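Here's a quick tour of one protein chain, going from the overall fold down to a helix and a pair of neighbours in a strand. Have a look at the model first.

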Amino acid sequence: MPREELAAIERACAQLIVRYAYLNDERRFEELAGLFTEDALLYRPSAPAQPIEGRAAILAALRKRPAETVTFHVTSDVQVEVDNPTTARCRSRILMMSATRAPDGGAPVDARQPVPGVFVDRLRLTADGWRFASRRGSLWLPPGAAA
């Protein structure tokens, strides 16, 4: 594969991962679900053994999030491995911060400890661009920590 094509695929895949974090934190769930293929699997970091199957189910699960919860995801260390012109595998690290929205609309309250985690993704090129075929998240716990 030509170097320029490989670089373009890597950029597009990395952008998909970053876009996921922004849409998630902005609660733009319809657009977020649109980043997945119709038959995608999503494993949330908080429930890594429970797949959510299909774009419609992913959207339904996202809509169930409590409206008073706000999140801020930091995504880093994105690694993209291009398999061929239509599939790729990625890994990335996340740091998720969350809090409860203040009733008066002010600054969030009851901030929780930041939670580190990782995502392992399988991406597929579709007519709409690169999409998640599978997104598997897990929380990172230091050695010896209770799950």
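Throughout, a contact (or touch) means heavy atoms within 4.5 Å. This is a predicted model, so some cut-offs apply: local features need pLDDT of at least 70, side-chain atom pairs count only at pLDDT 80 or more, and totals for chains, interfaces and linings use all residues. Numbering runs from 1 along each chain as its sequence is written, and side-chain values use heavy atoms, with hydrogens and water left out.

**The whole chain**

You'll find 3 helices and 6 strands here, running α-α-β-β-α-β-β-β-β along the sequence. Both kinds of element are DSSP runs, numbered from the N terminus: helices are H or I with at least four residues, strands are E with at least two. The radius of gyration, taken over C-alpha atoms, can be held against a globule rule of 2.2 Å times the number of residues to the power 0.38. For 147 residues, that puts a compact globule near 15 Å, and the chain's 16 Å agrees. Its C-alpha atoms fill a box of roughly 55 × 35 × 30 Å along the principal axes.

Of the 147 residues, 32% count as buried; buried means under 20% relative accessible area, exposed over 50%, and partly exposed in between (1.4 Å probe, protein chains only). Take the contacts between residues at least 6 apart in sequence: 52% of them join residues at least 24 apart.

**Helix α3**

Which residues of α3 (55–63) are buried? They are Ile58, Leu59, Ala61 and Leu62. Looking down the axis of α3, these buried residues fall within an arc of 160° (from the directions of the helix axis to the C-beta atoms), so they line one face of the helix. Their cover includes α2 (29–33), β1 (36–43) and β2 (51–53).

**Two neighbours in β4**

Met97 sits in strand β4 (residues 87–100), and Ser98 is in β4 too. Here's how they line up, with residues up to four places away in sequence left out of the contacts:

| Residue | Relative accessible area | Class | Contacts |
|---|---|---|---|
| Met97 | 29% | partly exposed | Val70, Thr71, Phe72, Val74, Pro114 |
| Ser98 | 13% | buried | Val70, Thr71, Asp110, Ala111, Arg112 |

Val70 and Thr71 turn up in both contact lists. As for Met97 and Arg131, they are 34 residues apart along the chain, and their C-alpha atoms are separated by 25 Å.
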